[in-house]
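Student: Please take me through the model below, one point at a time. I would like the criteria stated along with the results.

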Amino acid sequence: GEMIVTIKDELFYTRRYLECMKLRFEEDFEYIMDIPEEAASVYIPKLICQPIVENAFKYAFIKRPPWKLHIRCEIIDSHWWIYIEDNGGTMTEEKKEELLLLYENLNWNEELKSMKIGGMGLKNVYLRLKLLYGKKAIWGIDDSVSGKTTFILGGPVFNSKEEYYAKDSFVHIVDKNIDLKQVVNTNKCLIHLEKHGDKLLIISCIDNLLKGASGQAVHNMNLM
């Protein structure tokens with residue numbers, strides 16, 4: 001499967017989840033989505049919003065209803081921003097700082113071993129944003145409005161899959177023998193070519209941190 005989808009498609013599936021919650025809780029729950037036209041076609045990591053939405057039902061909506069969820073998007077300075085706001089009001093300033101500090105000090109080598117696209121939870125969302133965007137990743141928690149918590153996520157704007165993948169090529173041709181340490185936890189494929197007499201030896205080494213990477217590697221090998 002693809003690693004990225006448009007904001008429109010991402011929130012289409014989030015909306016389906018929310019409609020199921022609406023059937024379950026009826027008048028006790030309501031939600032609003034604001035998706036401007038200029039943001040709808042921007043490509044973002046797949047399944048990046050639903051874990052945060054599910055987190056609201058698990059931890060925020062423990063007080064008496066009505067429960068409200070507001071999801072909005074905007075484009076600012078060539079970056080996409082998504083805000084997911086709940087009215088649970090259960091996130092204290094201390095808890096927010098604890099979470100932010102925890103994520104900043106994660107052991108990447110250990111965390112990435114078990115990471116996957118379908119993984120749920122805030123930590124998984126944070127890891128994937130950082131992996132895909134590096135220092136350009138946007139991640140934050142806003143509890144400045146009384147009774148509300150807003151999770152903020154975002155990254156650079158890419159308007160096509162080609163533009164997205166071109167930012168950081170998956171397949172790299174190297175001129176030396178491949179050391180596995182060059183590949184581990186990189187989500188890359190390294191290829192080395194060696195000539196032995198009248199034969200050409202192709203050596204490839206793939207690190208598949210996210211679903212879809214192996215399919216792309218096979219595609220590149222087929223092209224060769």
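Student: Is lysine 96 buried or exposed?
Tutor: This is a predicted model, in which local features need pLDDT of at least 70 and side-chain atom pairs count only at pLDDT 80 or more, while totals for chains, interfaces and linings use all residues. Residues are numbered from 1 along each chain as its sequence is written, and side-chain values use heavy atoms, with hydrogens and water left out. Buried means under 20% relative accessible area, exposed over 50%, and partly exposed in between (1.4 Å probe, protein chains only). Lysine 96 has a relative accessible area of 10%, so the residue is buried.

Student: In which helix is lysine 96 found?
Tutor: Helices (H or I, at least four residues) and strands (E, at least two) are DSSP runs, numbered from the N terminus. Residues 93-104 form one such helix, which holds both lysine 96 and glutamate 93, three residues apart or about one turn. The helix of lysine 96 is therefore H4.

Student: What is the N to O distance between lysine 96 and glutamate 93?
Tutor: A salt bridge is a side-chain nitrogen of Lys or Arg within 4 Å of a carboxyl oxygen of Asp or Glu. Glutamate 93 is partly exposed, at 37% relative accessibility. The side chains of lysine 96 and glutamate 93 meet in a salt bridge, with an N to O distance of 3.5 Å.

Student: How many residues apart in sequence are the parts tied together by lysine 96 and aspartate 143?
Tutor: Aspartate 143 is buried, with a relative accessible area of 16%. The side chains of lysine 96 and aspartate 143 meet in a salt bridge, 3.5 Å from N to O. Lysine 96 lies in H4 and aspartate 143 in the loop between strand E6 (138-142) and strand E7 (149-156), so the separation of the parts in sequence is 47 residues.

Student: Which residues is lysine 96 in contact with, leaving aside its neighbours within four places in sequence?
Tutor: Contact means heavy atoms within 4.5 Å. With those neighbours left out, the contacts of lysine 96 are Met91, Ile141 and Asp143.

Student: Which residues are linked in a network of salt bridges?
Tutor: The count of salt bridges comes to six. One of them joins glutamate 74 and arginine 72, whose closest N and O atoms are 4.0 Å apart. The network, in turn, links Glu93, Lys96, Glu97 and Asp143.

Student: Which residues of E2 point to the buried face?
Tutor: In a regular strand the side chains alternate between the two faces of the sheet. Along E2 (residues 29-34), Glu30, Ile32 and Asp34 point to one face and are not buried. Pointing to the other face, and buried, are Phe29, Tyr31 and Met33.

Student: In E4, what is the bridge partner of glutamate 30?
Tutor: Two strands pair if DSSP finds at least two bridges between them. E2 and E4 (residues 67-76) pair in the parallel sense over six bridges. Within E4, the partner of glutamate 30 is lysine 68.

Student: What share of the residues of the protein chain count as buried?
Tutor: The secondary structure of the chain comes to eight helices and 10 strands. Among contacts between residues at least 6 apart in sequence, 61% join residues at least 24 apart. Of the 224 residues of the chain, the buried share is 42%.
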